[in-house]
Amino acid sequence: MELSCPGSRCPVQEQRARWERKRACTARELLETERRYQEQLGLVATYFLGILKAKGTLRPPERQALFGSWELIYGASQELLPYLEGGCWGQGLEGFCRHLELYNQFAANSERSQTTLQEQLKKNKGFRRFVRLQEGRPEFGGLQLQDLLPLPLQRLQQYENLVVALAENTGPNSPDHQQLTRAARLISETAQRVHTIGQKQKNDQHLRRVQALLSGRQAKGLTSGRWFLRQGWLLVVPPHGEPRPRMFFLFTDVLLMAKPRPPLHLLRSGTFACKALYPMAQCHLSRVFGHSGGPCGGLLSLSFPHEKLLLMSTDQEELSRWYHSLTWAISQKN
């Protein structure tokens, strides 16, 4: 039964009108951005993938590593766009969700794709010349291939924002409400999985970078099952004598202390020798001073079963960041 309002303004009708305006605005943005997205997917499929296949400039394994599921993602957009143009939002997006696994696959391949691109640009003269020629086409507007490769992952984030907004501004009595709600949920879940894949890839890069910086028996095996949190210089305050600068690497399970190798070291200049690994599960942390927010820095006390560390920094903000990161790492193990 429709609600009637005796006055000229009815809150229920005004709310419905706001929903309709937001829905129309979101639907229009989804349609316009999908057209642009499909156009960019098509440019890469035509001027890179298609021509590379015809010319044989890249072998099929390298081509697959570089572009992954690009063509299938392009096909999914081609399938979706007519539904959006016809105003069949729920039906179109529900069908599109059958292709969401392609975005998981694309995300899992993204690091390999960037590595392949850099390797081929470096060692394959024909491919390097081809890429430069294609990037110079006016259709690409100055964008390089490395700028275009993350396009599907950027679009997935847009899908999440727009489809969730579309579902939220579609009334429960609308015929496509359930379809849009399901699509919003499935796209959000995929976006979260893709985000997790990206975070793991970044962490793996950090672990490899830190491993390359370190030497020493205790530094081996740092790339297995741990998450990098932060690194930086801190002063170690000994019971007697002057504080000594050391580089610290904090992971979810251990704190690693390293000493810089001499600048004139024949083979390992610029690297660090691992001096100690401290398990965060056995750490008790406290601030000795550095609570006031003043300019004098601060001091942290870290107690382990067989050793106690006093770590100092003259930068109190930096010390606070270390304190919060250490506190978080300890909380994960208790």
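Select Ser313 and Asp315: a polar atom of the Ser313 side chain lies 3.1 Å from the backbone nitrogen of Asp315. Keep in mind throughout that this is a predicted model. Ser313 belongs to strand E8, which covers residues 307-313. Its relative accessibility is 9%, so Ser313 counts as buried.

**The whole chain**

Zoom out. The chain holds ten helices and eight strands. Of its 334 residues, 43% are buried. Now look at contacts with a separation of 6 or more: 59% of them join residues 24 or more positions apart.

**Trp322 in H10**

Go to helix H10, residues 316-333, and pick out Trp322. Is Trp322 buried or exposed? At 1% relative accessibility, Trp322 counts as buried.

Show its neighbours, leaving out residues up to four places away in sequence. Trp322 touches Arg230, Gln231, Gly232 and Leu234, along with Phe248, Leu250, Leu255 and Leu300. Draw a distance to one of them, Leu250. The two residues are 72 apart along the chain, and their C-alpha atoms are separated by 9.0 Å.

**Asn203 in H9**

Next, select Asn203, found in helix H9 (residues 177-213). This residue has 4% relative accessibility, so Asn203 counts as buried.

Which residues does Asn203 touch, not counting those up to four places away in sequence? They are Arg226, Trp227 and Phe228. Two polar contacts are worth displaying here. The Asn203 side chain reaches the backbone oxygen of Arg226 at 3.0 Å. A polar atom of that side chain also lies 2.7 Å from the backbone nitrogen of Phe228.

**H4 and its partner H3**

Move to helix H4, residues 89-96. Six of its eight residues are buried, so the rest of the structure largely encloses H4. Colour the buried ones: Trp89, Gly90, Gly92, Leu93, Gly95 and Phe96.

Add helix H3, residues 70-85. H3 and H4 pack with their axes 8 Å apart, at an angle of about 170°. Angles over 145 degrees count as roughly antiparallel, and that makes H3 roughly antiparallel to H4. On the H3 side, the contact is made by Ala76, Glu79, Leu80, Tyr83 and Leu84. On the H4 side, select Trp89, Gln91, Gly92, Leu93, Gly95 and Phe96. Of these H4 residues, Gly92 and Leu93 are among those that are buried.

**H3 against H5**

Keep H3 on screen and bring in helix H5, residues 101-123. What is the angle at which H3 and H5 pack? It is about 150°, and the axes are 10 Å apart. H3 and H5 are therefore roughly antiparallel to each other. Their crossing is left-handed. Show the side chains where they meet: Trp70, Leu72 and Ile73 from H3, and Leu102, Tyr103 and Phe106 from H5.

**H5 against H8**

Hide H3 and show helix H8, residues 151-168. H5 and H8 pack at about 135°, with 10 Å between their axes. The two helices are therefore oblique to each other. H5 passes H8 in a left-handed crossing. The contact uses Tyr103, Phe106, Ala107 and Ser110 of H5. Facing them from H8 are Pro152, Leu153, Leu156 and Tyr159. Tyr103 and Phe106 deserve a second look: both take part in the contact with H8, and both also meet H3.

**H6, end and faces**

Finish at helix H6, residues 125-135. Start from its N-terminal end, which Asn124 caps. A side-chain oxygen of Asn124 lies 3.2 Å from the backbone nitrogen of Gly126.

Which residues of H6 are buried? Select Phe127, Phe130, Val131, Gln134 and Glu135. Turn the view to look down the H6 axis: these buried residues fall within an arc of 125°, so they line one face of the helix. The spacing follows a general pattern. An α-helix has 3.6 residues a turn, so residues three or four places apart point the same way. Now rotate to the other side of H6. Lys125, Arg132 and Leu133 are exposed there.

Technical notes: Residues are numbered from 1 along each chain as its sequence is written. This is a predicted model: local features need pLDDT of at least 70, side-chain atom pairs count only at pLDDT 80 or more; totals for chains, interfaces and linings use all residues. Side-chain values use heavy atoms; hydrogens and water are left out. Buried means under 20% relative accessible area, exposed over 50%, partly exposed in between (1.4 Å probe, protein chains only). Helices (H or I, at least four residues) and strands (E, at least two) are DSSP runs, numbered from the N terminus. A polar contact is a pair of N or O atoms within 3.5 Å; within protein, one must be able to donate a hydrogen and the other to accept it, and residues adjacent in sequence count only if both atoms are side-chain atoms. Contact means heavy atoms within 4.5 Å. The arc is that of the directions from the helix axis to the C-beta atoms. Axes are lines fitted to C-alpha atoms, for helices over the stretch in contact, and angles run from 0 to 180 degrees between N-to-C directions. Angles under 35 degrees count as roughly parallel, over 145 as roughly antiparallel, 65 to 115 as roughly perpendicular and the rest as oblique. A crossing is left-handed if the near helix is turned anticlockwise from the far one by less than a right angle, and right-handed if clockwise.
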